[in-house]
Amino acid sequence: MEVETIKERLTSMGYECVEGDDFAIQYSIREVEQYIKHFCNISEVPACLEYVWIDMVAGKFLQTKKAMGKLTAIQFQPLLSSIRDGDTTVEYNSSYTSDPELFFQTVLDKLINGHNLELLAHRRIRW
């Protein structure tokens with residue numbers, strides 16, 4: 001797993017990487033790798049779990065930045081609150097748009113914990 005891959009994922013979510021993020025990203029990569037290996041009882045993370053690994057690393061990294069006070073939830077507000085096409089209107093959950101902290105926590109939870117089914121599919125019995 002490369003730091004650049006994680007930076008691309010973070011950029012796609014609206015986070016602009018700054019100087020000094022490389023070490024924290026590398027640390028998160030190793031932390032999540034160990035978690036996946038221990039959870040699944042495997043010696044290597046399979047290629048089919050790479051996107052899970054990337055999302056979990058991005059989530060852990062953002063969670064750490066937030067805990068250190070170097071990131072505000074306001075940066076992750078949803079871009080759209082509703083879509084209107086003719087006489088049909090679809091509105092997204094307004095609690096997310098009115099509370100950026102709730103939206104940010106939901107994004108982090110999805111990134112870090114939202115892949116349990118994929119991890120369970122690769123879990124091995126420990127003897």
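Helices α3 and α5 of this predicted model sit oblique to each other (angles under 35 degrees count as roughly parallel, over 145 as roughly antiparallel, 65 to 115 as roughly perpendicular, and the rest as oblique). The angle between α3 and α5 is about 140°, and their axes are 7 Å apart; axes here are lines fitted to C-alpha atoms, for helices over the stretch in contact, and angles run from 0 to 180 degrees between N-to-C directions. α5 itself spans residues 100–113. The crossing of α3 over α5 is left-handed, meaning that the near helix is turned anticlockwise from the far one by less than a right angle, whereas clockwise would make it right-handed. On the α3 side, the contact (heavy atoms within 4.5 Å) involves Asp-55, Met-56, Gly-59, Lys-60, Leu-62, Gln-63 and Lys-66, and α5 brings in Glu-101, Phe-104, Leu-108, Leu-111 and Ile-112. Sorted by class, that comes to six nonpolar, two polar and four charged residues (Ala, Val, Leu, Ile, Met, Phe, Trp, Tyr, Cys and Pro count as nonpolar, Asp, Glu, Lys and Arg as charged, and the others, Gly among them, as polar).

A word on the ground rules. Residues are numbered from 1 along each chain as its sequence is written, and side-chain values use heavy atoms, with hydrogens and water left out. Since the model is predicted, local features need a pLDDT of at least 70 and side-chain atom pairs count only at pLDDT 80 or more, while totals for chains, interfaces and linings use all residues.

As for the overall layout, the protein chain has six helices and two strands, where helices (H or I, at least four residues) and strands (E, at least two) are DSSP runs numbered from the N terminus. Read from the N terminus on, the order is α-α-α-β-β-α-α-α. Of the 127 residues, 32% are buried (under 20% relative accessible area, with exposed being over 50% and partly exposed in between, for a 1.4 Å probe and protein chains only). Among contacts with a separation of 6 or more, 65% join residues 24 or more positions apart. The mean pLDDT of the chain is 85, and 84% of the residues score at least 70; pLDDT is the predictor's confidence in each residue, from 0 to 100. Of the elements, α2 has the highest mean pLDDT, 96, and helix α4 (residues 94–98) the lowest, 57.

Helix α2 turns up in two further packings. Its partner in one of them is α3: α2 covers residues 21–40 and α3 residues 50–67, and the two pack at an angle of about 125° with axes 9 Å apart. This pair, too, is oblique, and α2 passes α3 in a right-handed crossing. From α2, the contact draws on Asp-21, Ala-24, Ile-25, Ser-28, Ile-29, Glu-31, Val-32, Glu-33, Tyr-35 and Ile-36; from α3, on Trp-53, Met-56, Val-57, Lys-60, Phe-61 and Lys-65. Ten of these residues are nonpolar, one is polar and five are charged.

The other packing is with helix α1 (residues 3–12), at an angle of about 105° and with axes 10 Å apart. That puts α1 roughly perpendicular to α2. Val-3, Ile-6, Lys-7 and Leu-10 of α1 meet Asp-22, Ile-25, Gln-26 and Ile-29 of α2, giving five nonpolar, one polar and two charged residues.

Several individual residues in and after α2 fill in the picture. Asp-21, part of α2, is buried, with a relative accessible area of 3%. Leaving out residues up to four places away in sequence, Asp-21 touches Tyr-15, Phe-61 and Lys-65. Its C-alpha lies 9.4 Å from that of Val-3, 18 residues away in sequence. Gln-26, also found in α2, is partly exposed at 29% relative accessibility. The C-alpha atoms of Gln-26 and Met-1 are 9.0 Å apart, with their positions 25 residues apart along the chain.

Further along α2 comes Lys-37, a charged residue that nonetheless counts as buried, at 18% relative accessibility. Beyond its neighbours within four places in sequence, Lys-37 is in contact with Ile-42, Ser-43, Glu-44 and Val-45. The loop between α2 and α3 holds Asn-41, which is partly exposed, with a relative accessible area of 29%. Most residues other than glycine have a negative phi. Asn-41, although not a glycine, has a positive phi of about 60°.
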